[in-house]
Amino acid sequence: MRIEISGLVKTYKGKGRALDGLDLLVPTGMFGLLGANGAGKTTLMRILAGLLRPTGGEVRIGGYDVTGRAGRQAVQRVLGYLPQDLGVYPDLSAREFLDYVGLLKGIDDRATRRRRVGELLEVVALTGDADRRLRGYSGGMRRRVGIAQALLADPRLLIVDEPTAGLDPEERIRFRTLLSQLAGERTVLLSTHIVDDVAQTCRELAVLAKGRLVFRGTVDDLTRRADRRVWSVVTAGPAPTGGTVVSALPVEGGLRYRVVASVPPAPDAEPLAPTLEDGYLALAQPGAAEDAMRP
Ligand SMILES: Nc1ncnc2c1ncn2[C@@H]1O[C@H](COP(=O)(O)OP(=O)(O)OP(=O)(O)O)[C@@H](O)[C@H]1O
């Protein structure tokens with residue numbers, strides 16, 4: 001199920017453009033959407049989910065125009081959405097909560113609902129905890145309940161907004177592995193500002209900045225944007241300038257800085273192999289803009 005976005009604009013009252021003429025094609029499979037806070041990711045997710053009207057432009061999901069009511073309704077039947085701030089009822093168990101959401105989604109037959117909820121509890125590995133109250137669940141477990149509710153109607157498009165924020169490393173890895181497993185025939189759109197989550201799950205991604213597309217391509221393409229731009233510098237003096245410091249590790253003789261810069265930040269700087277995070281940071285640097293949309 002493809003998503004085709006062209007010339008998408010969203011203006012909130014009294015504000016500048018949250019989305020500023022966005023063109024983007026999202027294919028089937030897992031797709032990452034990266035961008036700093038305020039880049040417009042949530043606005044885009046909410047438009048795709050049919051919860052927010054765009055100010056202008058076109059959005060087609062699986063051929064349906066979601067800017068119109070009929071298209072929106074058609075898409076909502078094949079769409080699962082996990083928002084950033086999904087509220088759950090703390091006094092319900094996961095099984096009761098999912099049963100309730102199933103009812104809201106129109107799965108009227110009780111036996112069908114019970115079977116579907118049971119299957120999904122298996123998928124998200126919560127069968128053993130299914131009858132405990134949600135108030136006792138960890139952040140990662142709640143997020144998995146969130147995915148289960150988004151999957152209730154067996155959607156062909158799954159939209160997840162910042163799903164791993166605040167999770168501990170084990171829960172994060174478990175959650176993102178689950179998302180990869182759910183991709184396959186589905187489209188899974190993963191919006192995040194955690195670069196590593198995209199590096200570990202997606203082949204393709206887009207980067208938004210100030211409501212505009214600044215990159216679209218593969219993880220390898222974006223990583224290569226930082227080729228010959230990543231340096232290691234050891235110094236006891238001030239931090240290197242003229243680039244972006246990615247990390248500073250204490251070593252004998254001072255700190256070892258990892259720096260993304262178009263020229264060596266010190267005479268004895270040593271070149272390093274880039275990661276996706278380096279490529280992402282390189283996008284924001286002077287000189288990167290003109291070649292950022294290179295295929
Ligand atoms: N309901 C709203 N009313 C007014 N302005 C809004 C509203 N929602 C978002 N904005 C503004 O639109 C811009 C894009 O916000 P959005 O939440 O889409 O970005 P984001 O990339 O999802 O950021 P974050 O990672 O912080 O969620 C920001 O400048 C934000 O302040």
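This section walks through the fold of a predicted model, from the whole chain down to a single valine.

The protein chain contains nine helices and 14 strands. Measured out along the principal axes, its C-alpha trace spans about 70 × 45 × 35 Å. Of the 295 residues in the protein chain, 38% are buried. Among contacts with a separation of 6 or more, 66% are between residues 24 or more positions apart.

A good place to begin is the sheet that includes the N-terminal strand β1. Strands of a sheet pair through backbone hydrogen bonds, either parallel or antiparallel. This open sheet has four strands in the order β2-β1-β4-β5, and the pairing is antiparallel. Its edges are β2 (17–26) and β5 (64–65), each of which pairs on one side only. Strand β1 (residues 3–11) has partners on both flanks in the order given. With β2, strand β1 shares seven bridges in an antiparallel arrangement, and leucine 8 has leucine 22 of β2 as its bridge partner. The hairpin of β1 and β2 has five residues between the strands, and glycine 14 in this hairpin adopts a positive phi near 75 degrees. With strand β4 (residues 56–61), β1 is joined by five bridges, again antiparallel; here serine 6 stands opposite glutamate 58.

A second open sheet is built from six strands in the order β6-β7-β8-β3-β9-β10, with mixed pairing. The edge positions are taken by β6 (79–82) and β10 (212–218), each pairing on one side only. From one strand to the next, the twist averages 15 degrees. At the β6 edge, four bridges connect β6 to strand β7 (residues 157–161) in the parallel sense, and tyrosine 81 is found opposite isoleucine 159 of β7.

Helices lie across this six-stranded sheet as well. Helix α5 (residues 139–151) lies across β6 and β7 and runs at about 160 degrees to β6. Helix α6 (residues 169–182) lies across β3 (29–34), β7 and β8 (187–192), at about 150 degrees to β8. Strand β7 is therefore crossed by both helices, α5 and α6.Helix-helix packing is illustrated by α3 and α4. Two packed helices are described by the angle between their axes and the distance between the axes. For helix α3 (residues 94–104) and helix α4 (residues 110–123), the angle is about 125 degrees and the axes are 10 Å apart. An angle of this kind, neither within 65 to 115 degrees nor over 145, makes α3 and α4 oblique to each other. Their crossing is right-handed. On the α3 side, the contact is made by Ala94, Arg95, Leu98, Asp99, Gly102 and Leu103, and on the α4 side by Arg113, Arg116, Val117, Leu120 and Leu121. By class, this contact comprises six nonpolar, one polar and four charged residues.

Finally, valine 246 offers a close-up of one position, in strand β12 (residues 244–251). Is valine 246 buried, exposed or partly exposed? With 17 other C-beta atoms within 10 Å, valine 246 is partly exposed, because a residue counts as buried at 20 or more such atoms and as exposed at 12 or fewer. Beyond its neighbours within four places in sequence, valine 246 is in contact with Arg258, Val259, Val260, Glu277, Asp278 and Leu281. One of these, glutamate 277, is 31 residues from valine 246 along the chain, and the C-alpha atoms of the two are separated by 8.6 Å.

Technical notes
Residues numbered from 1 in each chain as written. Predicted model: local features only at pLDDT ≥ 70, side-chain atom pairs only at ≥ 80, totals over all residues. Axes fitted to C-alpha atoms, helices over the stretch in contact; angles between N-to-C directions. Helix = DSSP H or I, 4+ residues; strand = E, 2+ residues; numbered from the N terminus. Parallel < 35°, antiparallel > 145°, perpendicular 65-115°, else oblique. Left-handed = near helix turned anticlockwise from the far one by under 90°. Contact = placed C-beta atoms within 7 Å. Nonpolar A, V, L, I, M, F, W, Y, C, P; charged D, E, K, R; others polar. Pairing = 2+ DSSP bridges.
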